[in-house]
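This report covers a surface patch, a nonpolar core and the cysteines of one protein model. Please look at the sequence and structure before reading on.

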Amino acid sequence: MPWSSLLRTWWVRHPSAAGAAVMATGILSIALHLAGYEELSRIALAATVAAWVALAADFVVRLLWMRERWRAEAGTPAALTAVAATAVLGVRISVLGPQPLAAALLALAAVLWPLLLTDVVRHWTRRMSGTVFLCCVATQALAVLGATLARAEGEAWLARAALVLFWFGLVLYCLALARFDVRQVAEGAGDHWVAGGALAISALAAARLLAAEGGGLYLWNQDNYGVLHTMTVALLALTLGWYAVLLFAEVLWPRPRYDVRRWATVFPMGMAAAATLSVGAAVDVPWLDGPGEVLLWMAVAAWLAVAAGAVLAARASVRSRAPR
């Protein structure tokens, strides 16, 4: 069966996971760029663009012609992957150079963010899976893109807006943590990794805010810069701590079977790599490059494994539906 047909089959059956796949591929492109693997980064970027276009088309189709389904899905945490995926793509495009396109993606994500966030938070329950942390991920993704564009365009107001989003994202993380079912660390099917991924993207946002200051904007006074510097280092330490706990849990309670929610594992792994590399550059700690590269290739291996699992699952689904 053609690869395109397999991909279409998987996409139709798992629209919410499609957003996580875009996020995972996009952050790998960013991390590969940070590590100096530009050709691989651009290949991942091309895949991210193609997947994002398909995601956007699916979003519009459901909004215009499948309104009831769209309303039902808009209240779930997975809906926020649309915001995060758009912002992550915008960050990579901004680094590549087309700032107007990156700004357009920021505007789109900024419009979607409050609409989806308020609906998602209203539907929060007790003892939720790791997807509850997507409220923080989507907010910090906007902060990362805002800070990246602020440095590229020399816009101080963007950096200050990103700083507000950064602190708000940390508040949302604390609120989500109170709703998180800690048993998911042992029992989750993959999306429990977002608990660490939300901290990783927070560390990346802090690092980008520090880098924006280095762009000659003179945004923060000495005290504010010191607080932001301390938060950047602390968030990276917490990120790596969560990573160790989640990795140990995978060894202690193995979950080798493929699950579509594993895309929500790949994204935090790639984000941890990007955060480590970015924080190392922002706070001038070159030895973080080594651990960052190790985390990067672990994320690449996870992406390949999950992508292979998705293809095999789609093929098995097609064969099970074929007439006998």
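A patch is made of residues with over 30% relative accessible area and no salt bridge, with like charges joined within 9 Å and nonpolar side chains (Val, Leu, Ile, Met, Phe, Trp, Tyr) within 5 Å. A salt bridge is a side-chain nitrogen of Lys or Arg within 4 Å of a carboxyl oxygen of Asp or Glu. Areas come from the Shrake-Rupley method with a 1.4 Å probe, and for residues only the protein chains shown count as cover.

The model is predicted: local features need pLDDT of at least 70, side-chain atom pairs count only at pLDDT 80 or more, and totals for chains, interfaces and linings use all residues. Residues are numbered from 1 along each chain as its sequence is written, and side-chain values use heavy atoms, without hydrogens and water.

Val60, Val61, Leu64, Trp65 and Met66 make a nonpolar surface patch of about 480 Å². Val61 lies in helix α3 (residues 38-65); helices are DSSP runs of H or I with at least four residues, numbered from the N terminus.

The largest nonpolar core (buried Ala, Val, Leu, Ile, Met, Phe, Trp, Tyr and Cys joined through side-chain atoms within 4.5 Å) has 115 residues, and Phe166 is among those touching the most other members. Helix α10 (residues 194-217) gives the largest share of this core, 14 residues.

There are zero disulfides (cysteine sulfur pairs within 2.5 Å) by this rule. Buried means under 20% relative accessible area, exposed over 50%, and partly exposed in between (1.4 Å probe, protein chains only).

| Cysteine | Closest cysteine sulfur | Relative accessible area |
|---|---|---|
| Cys135 | Cys136, 6.3 Å | 1%, buried |
| Cys174 | Cys136, 8.8 Å | 52%, exposed |

Key: Helix = DSSP H or I, 4+ residues; strand = E, 2+ residues; numbered from the N terminus.
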